[in-house]
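Please look through the sequence and the structure below before reading on. The paragraphs that follow go through the chain step by step.

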Amino acid sequence: MVEKVFVTYNEVHKLCQASADRILNEFKPNLMIAIGGGGYVPARILRSFLKRHSAPNIPIQAIGLSLYEQLPSSKPSDPSDPVETPGTKVTRTQWLDLSSLEMANLVGKNILIVDEVDDTRTTLEYAVRELQKDVETAARKLGSGEKTQFSIFVLHNKDKTKKGHLPQDMMDDGRYLAARTVSDVWICYPWEATDIDEHDKLAASQAKY
């Protein structure tokens with residue numbers, strides 16, 4: 001049976017708060033790209049902690065990637081309790097408009113990619129690889145030699161063998177940050193809940209992860 005861990009909005013808020021200083025001082029992002037749908041809420045919370053007096057808010061752009069697939073319930077008696085498992089193919093559900101100014105605005109920036117969980121790392125690998133390719137294309141069109149630097153923030157990293165790989169220079173430079181590393185459990189985030197009171201009740205009753 002899959003072990004589930006229930007995370008509350010309060011916990012997400014505090015994980016973002018605890019990570020903000022390092023992100024601001026080391027990654028120095030001037031643009032965030034949230035991977036939907038799990039990266040949207042952390043990116044928005046994080047932006048509040050990255051805001052500095054008299055400085056503008058860091059813009060957030062969004063991409064949508066899907067890797068998970070839903071399997072039958074882990075409880076045969078409760079078909080409303082589905083379990084999801086990582087798939088094998090990343091599917092784009094939303095991407096930046098390559099024909100607009102969006103891509104040009106990425107050139108020469110410090111870009112923070114935000115997602116909720118680093119599970120198999122397949123989605124993160126895809127996002128970094130494809131965004132790098134698109135930025136390089138935009139830079140060539142602009143005739144720009146400016147360097148675009150990517151970094152990553154996730155709420156949770158699962159301590160497991162990864163199928164995907166991130167650029168070695170990113171890992172060597174410490175441009176990857178997980179607010180917390182956990183065992184290979186199924187993490188239930190509050191924005192996935194259909195009954196938030198029940199979700200919070202389950203979170204309160206579980207042992208701290």
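Is R121 buried or exposed? R121 counts as buried, because its relative accessibility is 13% and the cut-off for buried is under 20%. The model in which this value was computed is a predicted one. R121 sits in the loop between β5, residues 110-118, and α4, residues 122-142. The backbone of R121 also deserves a look: its phi is near 75°, a positive value in a residue other than glycine.

Another loop residue can be described in the same terms. K28 belongs to the loop between α1, residues 9-27, and β2. Phi of K28 is near 50°, again a positive value in a residue that is not glycine. A further backbone detail is found at G37, which lies in the loop that joins β2, residues 31-36, to α2, residues 40-50. The peptide bond leading from G36 to G37 is cis, and its omega is near 0°.

Now take the chain as a whole. It contains 6 helices and 8 strands. Read from the N terminus, the order of these elements is β-α-β-α-β-β-α-β-α-β-α-β-β-α. The chain has 209 residues, and 44% of them count as buried. Among contacts with a separation of 6 or more, 79% are between residues 24 or more positions apart.

How do two of the helices meet? Two packed helices are described by the angle between their axes and the distance between the axes. For α1 and α2, the axes come within 8 Å and cross at roughly 50°. This angle makes α1 oblique to α2. The crossing of α1 and α2 is right-handed. Sorted by class, the residues in this contact are 12 nonpolar and 2 polar, with no charged ones. On the α1 side they are Y9, V12, H13, C16, Q17, A20, I23 and L24, and on the α2 side V41, P42, I45, L46, F49 and L50.

One residue of that contact, Q17, can be followed further. Q17 is placed in helix α1. It counts as partly exposed, because its relative accessibility is 43%, and partly exposed covers the range between under 20% and over 50%. The C-alpha atoms of Q17 and R47 are 9.8 Å apart, although the two residues are separated by 30 residues in sequence.

The next topic is the interior. In soluble globular proteins, nonpolar side chains tend to be buried together. In this model the largest nonpolar core has 29 residues, and I63, L65, L96, L106, L131 and I152 are the ones that touch the most other members. The elements giving two or more residues to this core are β2, β3 (60-71), β5, α4, β6 (149-158) and β7 (176-182). Of these, α4 supplies the largest share, with 8 residues. Which residues does L131 touch, if those up to four places away in sequence are not counted? They are I33, I63, W95, L96, I113 and F150. A second core, separate from the largest one, has 26 residues, including V12, A43, L50 and V182. V12 was also named above, in the contact of α1 with α2.

The last stop is at the two ends of the chain. Helix α6 spans residues 196-205, and A203 lies in it. A203 is buried, because its relative accessible area is 6%. Leaving aside neighbours within four places in sequence, A203 is in contact with F6 and T8. A203 and C188 are 15 residues apart along the chain, and their C-alpha atoms are separated by 9.3 Å.

L202 is also in helix α6. L202 is partly exposed, because its relative accessible area is 30%. Between the C-alpha atoms of L202 and K4 the separation is 9.9 Å, while along the chain the two residues are 198 residues apart.

At the start of the chain, V2 is found in the segment before β1, residues 4-6. With a relative accessible area of 37%, V2 is partly exposed. V2 and V185 are 183 residues apart along the chain, yet their C-alpha atoms are separated by 7.1 Å.

Methods:
Residues are numbered from 1 along each chain as its sequence is written. This is a predicted model: local features need pLDDT of at least 70, side-chain atom pairs count only at pLDDT 80 or more; totals for chains, interfaces and linings use all residues. Side-chain values use heavy atoms; hydrogens and water are left out. Helices (H or I, at least four residues) and strands (E, at least two) are DSSP runs, numbered from the N terminus. Buried means under 20% relative accessible area, exposed over 50%, partly exposed in between (1.4 Å probe, protein chains only). Axes are lines fitted to C-alpha atoms, for helices over the stretch in contact, and angles run from 0 to 180 degrees between N-to-C directions. Angles under 35 degrees count as roughly parallel, over 145 as roughly antiparallel, 65 to 115 as roughly perpendicular and the rest as oblique. A crossing is left-handed if the near helix is turned anticlockwise from the far one by less than a right angle, and right-handed if clockwise. Contact means heavy atoms within 4.5 Å. Ala, Val, Leu, Ile, Met, Phe, Trp, Tyr, Cys and Pro count as nonpolar, Asp, Glu, Lys and Arg as charged, and the others, Gly among them, as polar. A nonpolar core is a set of buried Ala, Val, Leu, Ile, Met, Phe, Trp, Tyr and Cys residues joined through side-chain atoms within 4.5 Å.
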